[in-house]
Structures are given as structure tokens and as C-alpha cells.
Amino acid sequence: MKSVKRPNVEIYADGACKGNPGIGGYGIILKSGEKVKELSGCVGNTTNNRMELTAVIKGLEALKVPCDVTVFTDSNYIVRGMSEWIHSWIKNKWKNSQKQTVQNKDLWEKLLELSKIHNIKWKWVKGHAGHDENERCDKLARLAIKKCGS
């Protein structure tokens with residue numbers, strides 16, 4: 001049986017919050033070959049970490065078929081969460097190393113569910129350092145906050 005080649009997709013994702021908690025926004029760029037798509041949105045009362053997670057989730061939800069994905073984010077929280085911490089959290093019934101319930105468990109569970117559909121590599125990029133796609137995602141997130149707040 002011939003294996004089906006998965007599309008290669010790059011997802012650039014960023015979240016922002018006006019106040020923490022406060023009005024939050026996310027910005028996403030999806031790239032596959034020559035195709036580029038931008039997405040953004042906002043949420044009323046939220047936190048910066050929730051918006052970072054939401055950005056990645058919304059990016060993965062936008063994919064229509066299983067893909068080979070590289071996620072670029074300036075959030076160490078997401079990169080370390082998905083590549084280091086999540087296995088311990090699950091093993092410890094969603095408790096962190098301080099025996100506290102993991103914050104944003106609902107979003108981590110959703111991200112974990114989506115990550116089982118795709119082959120994902122997690123890449124950290126330095127935020128506010130001139131990385132074109134990261135800067136654009138930050139701008140999209142901030143524009144979404146303005147739209148939501150008006």
C-alpha cells in the first residue's frame with residue numbers, strides 16, 4: 001500500500017493581552033508551499049498564556065488534513081510544555097511539579113488532541129527581535145485586541 005505524503009505546513013503563532021488578565025488577541029500565519037493564510041481573533045477576559053495556546057490551537061484547527069507541521073512561537077511555555085512537561089503532567093493526573101493543577105489544562109488537552117493528528121516540530125523564536133512572521137503575528141494579535149475592545 002502506497003503511503004500518502006503529508007503536506008508540509010509552517011505555523012507562526014503569537015498571542016497578546018491588554019492587561020493580564022484582560023482582552024486578548026491571537027495572530028497566526030499558515031504557510032504551505034506558495035500558499036499563505038493569516039488568521040486572527042480575540043477573547044474578552046483572558047491571559048497572555050491562554051492567547052499563546054489559543055493561537056497554536058486555532059492554527060492547527062485550520063488544517064484540513066493531517067500534515068507535517070513546524071510550529072514557530074515566541075512562547076517557551078508552549079515549546080517546553082509540549083516537548084518537556086506534558087508527559088509528566090499526564091502521568092501525574094495534570095498536576096505540575098509543585099503538585100498544583102496545571103494552569104490552562106483545557107487548552108493543553110485540546111492542543112494534545114490536535115497534536116495527535118499531525119507530525120509536529122516545536123520551534124522557539126525570539127519575540128520582538130525582527131523575525132518577520134513573528135512580528136506580523138504580534139501585529140495581527142494586537143489589531144484583534146483593538147477590534148475586540150471597541
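Leaving aside neighbours within four places in sequence, Gly-44 is in contact with Gly-22, Ile-23 and Gly-24 (contact means heavy atoms within 4.5 Å). Gly-44 lies in strand β3; helices (H or I, at least four residues) and strands (E, at least two) are DSSP runs, numbered from the N terminus. At 41% relative accessibility, Gly-44 counts as partly exposed, with buried meaning under 20% relative accessible area, exposed over 50%, and partly exposed in between (1.4 Å probe, protein chains only). Gly-25 is 19 residues away from Gly-44 along the chain, and their C-alpha atoms are separated by 8.9 Å.

A quick word on what you are looking at: this is a predicted model, where local features need pLDDT of at least 70 and side-chain atom pairs count only at pLDDT 80 or more, while totals for chains, interfaces and linings use all residues. Residues are numbered from 1 along each chain as its sequence is written, and side-chain values use heavy atoms, with hydrogens and water left out.

Now move on to helix α1, residues 48-61. Its 14 residues should span 20 Å at 1.5 Å a residue, and the end C-alpha atoms are indeed 20 Å apart; the expected span is 1.5 Å times one less than the number of residues. Plenty of α1 is tucked away: Met-51, Glu-52, Leu-53, Thr-54, Ala-55, Val-56, Ile-57, Gly-59 and Leu-60 are buried. Take Val-56, with 0% relative accessibility. Not counting residues up to four places away in sequence, Val-56 touches Ala-13, Val-71, Ile-78, Leu-111 and Trp-122. Gly-19 is another matter: the C-alpha atoms of Val-56 and Gly-19 are separated by 21 Å, with their positions 37 residues apart along the chain.

Asn-48 belongs to α1 too, but at 26% relative accessibility Asn-48 counts as partly exposed. Setting aside neighbours within four places in sequence, Asn-48 is in contact with Gly-15, Ala-16, Cys-17 and Asn-20. Ser-75 is 27 residues from Asn-48 in sequence and 9.9 Å from it in space, C-alpha to C-alpha. Asn-20, one of those contacts of Asn-48, is worth a stop of its own: a cis peptide bond joins Asn-20 and Pro-21, with omega about 15°. You'll find Pro-21 in the loop between β1 and β2.

Helix α2 gives us Val-79, which is buried, with a relative accessible area of 11%. Beyond residues up to four places away in sequence, Val-79 touches Thr-73, Glu-84, Trp-122, Lys-123 and Trp-124. The last of these, Trp-124, is 45 residues from Val-79 in sequence and 6.5 Å away in space, C-alpha to C-alpha.

Two loop residues have backbone angles to look at. Asn-104, in the loop between α2 (76-91) and α3 (105-115), has a positive phi of about 65° although it is not a glycine. Asn-104 is buried, with a relative accessible area of 12%. His-128 sits in the loop between β5 (119-124) and α4, and its phi is near 55°, a positive value in a residue other than glycine. At 56% relative accessibility, His-128 counts as exposed.

That loop takes us to helix α4, residues 132-149. Its 18 residues reach 26 Å from first C-alpha to last, close to the 26 Å expected at 1.5 Å a residue. Which residues of α4 are buried? They are Glu-133, Asn-134, Cys-137, Asp-138, Leu-140, Ala-141, Ala-144 and Ile-145. These cover an arc of only 160° around the axis, so they are on the same side of α4 (the arc is that of the directions from the helix axis to the C-beta atoms). The buried residues of α4 pack against β1 (8-19), β2 and β3. On the other side of α4, Asp-132, Lys-146 and Lys-147 are exposed.

Finally, look for the largest pocket, which has a volume of about 310 Å³. On a 1 Å grid over the protein atoms alone, a pocket is an open set of points where a 1.4 Å probe fits, with protein on both sides within 12 Å along at least five of seven lines, and lining residues have an atom within 4 Å of a point. Grid points are joined across faces, edges and corners, and a volume is the space filled by probe spheres set on the points. The largest pocket is lined by 13 residues, of which Val-9, Ser-32, Lys-35, Ala-62 and Leu-63 lie nearest its centre. β2 (22-32) and β3 (35-46) each supply at least two residues of this lining.
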